[in-house]
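Dear colleague,

I am handing over the structure we spoke about, so that you have it in front of you while you read. My notes on what was found follow below it.

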Amino acid sequence: MHFFAEEVIVLLIDDRKVYGCLRSLDHHGNIVLEGARERIIVGDLYCDVPLGLFVIRGESSILIGQLRFGMEDLPEDMMCVSEEEIKKAQKVEKEAKDLKSFMMKRMGFLDFLD
Amino acid sequence: MLFFSYFKDLVGREVTVELKNDLAIRGTLHSVDQYLNIKLENTRVVDQDKYPHMLSVRNCFIRGSVVRYVQLPPEGVDIEILHDATRREARGG
């Protein structure tokens with residue numbers, strides 16, 4: 001089982017997902033992806049951002065997954081949007097998360113917040 | 001080296017690998033190396049709804065350093081052998 005010259009997904013430690021064709025791999029786990037693209041997923045929305053040839057340092061990768069039949073399928077109800085829209089959705093999600101953690105910090109003793 | 005050989009004996013069994021980012025993946029153990037990097041076959045993610053991008057992943061390579069737990073099948077654990085091996089290792093033999 002080896003994934004060379006196949007479409008793979010690489011999960012990174014900062015929770016990013018990069019798709020691409022696996023070209024090279026060494027014993028540190030450094031990875032070279034050809035035609036790489038990052039898939040940003042926010043809720044039901046997603047967007048692929050092209051990255052070109054991508055070298056990933058071994059320590060920042062978590063997992064290399066071989067895609068079934070080279071497919072990149074997602075659940076059918078997910079919608080592909082433009083880069084601008086996904087950035088906006090990301091921002092909204094981050095703000096909501098920040099607000100929640102702020103509330104938790106201040107009023108964590110109120111257990112209904114959870 | 002003890003756990004390397006231990007995991008080598010588990011090749012072919014069904015295990016659940018829990019990662020430090022809380023992703024849990026179940027699959028057949030295909031191989032393991034000296035860093036305890038793990039290759040799984042026929043994988044499925046335990047909490048599929050939370051990780052839609054993992055839907056089409058069937059085989060995967062997991063970096064050893066990000067593994068938090070490996071859940072083993074009960075019949076894959078022989079306590080006696082493991083005890084003996086641990087003692088031998090501690091004695092330095």
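In chain A, 48% of the contacts between residues at least 6 apart in sequence join residues at least 24 apart. Please keep in mind throughout that this is a predicted model. The corresponding share in chain B, again for contacts with a separation of 6 or more, is 45% from residues 24 or more positions apart.

To take the two chains in turn, chain A is built from one helix and six strands, and along the sequence these elements follow the order β-β-β-β-β-β-α. Its C-alpha trace extends about 50 × 30 × 25 Å along the principal axes, and its radius of gyration is 18 Å, where a compact globule of 114 residues would have one near 13 Å. Of the 114 residues in chain A, 19% are buried.

Chain B, for its part, has two helices and five strands, arranged from the N terminus on as α-β-β-β-β-β-α. The C-alpha trace of chain B spans about 50 × 25 × 20 Å along its principal axes, and 22% of its 93 residues count as buried.

Within chain A, the strand pairing may be a useful place to start looking. β3(A) and β4(A), the latter covering residues 45-56, pair in the antiparallel sense over ten bridges, and one of the facing pairs is A:R39 opposite A:D48 in β4(A). These two strands form a hairpin with two residues between them, and A:G43 in the turn has a positive phi of about 60°. β4(A) is also joined by two bridges to β6(A), residues 79-80, and here the strands run parallel; the bridge partner of A:Y46 in β6(A) is A:C80.

Which residues bring the two chains together? On the side of chain B, 18 residues are in contact with 21 residues of chain A. Both β3 (38-45) and β4 (57-62) of chain B supply at least two residues each to the side that touches chain A, with β4(B) giving the most, namely six residues. Sorted by class, that side of chain B consists of nine nonpolar, five polar and four charged residues.

The contact between the chains also includes strand pairing, in that β5 of chain A (residues 61-67) is joined to β4(B) by five bridges, the two strands running antiparallel. Within this pairing, A:G65 has B:C60 in β4(B) as its bridge partner.

The largest nonpolar core holds 29 residues, and those with the most contacts inside it are A:I9, A:V10, A:L63, B:L40, B:C60 and B:I62. The elements giving two or more residues to this core come from both chains: from chain A they are β1 (7-12), β2 (17-25), β3 (31-42) and β5, and from chain B they are β1 (14-19), β2 (24-32), β3 and β4. B:C60 therefore deserves a look in the viewer, as a residue that is listed in this core and is also the bridge partner of A:G65.

A:I9 may be worth a similar look, since, leaving aside its neighbours within four places in sequence, this residue is in contact with A:K17, A:Y19, A:G65, A:L67, B:H53 and B:V57.

With best regards

Terms used. Residues numbered from 1 in each chain as written. Chains lettered and ligands numbered in written order. Predicted model: local features only at pLDDT ≥ 70, side-chain atom pairs only at ≥ 80, totals over all residues. Contact = placed C-beta atoms within 7 Å. Helix = DSSP H or I, 4+ residues; strand = E, 2+ residues; numbered from the N terminus. Nonpolar A, V, L, I, M, F, W, Y, C, P; charged D, E, K, R; others polar. Pairing = 2+ DSSP bridges. Rg over C-alpha atoms; globule rule 2.2 N^0.38 Å. Buried ≥ 20, exposed ≤ 12 C-beta atoms within 10 Å, placed from the backbone. Core = buried A, V, L, I, M, F, W, Y, C linked by C-beta atoms within 7 Å.
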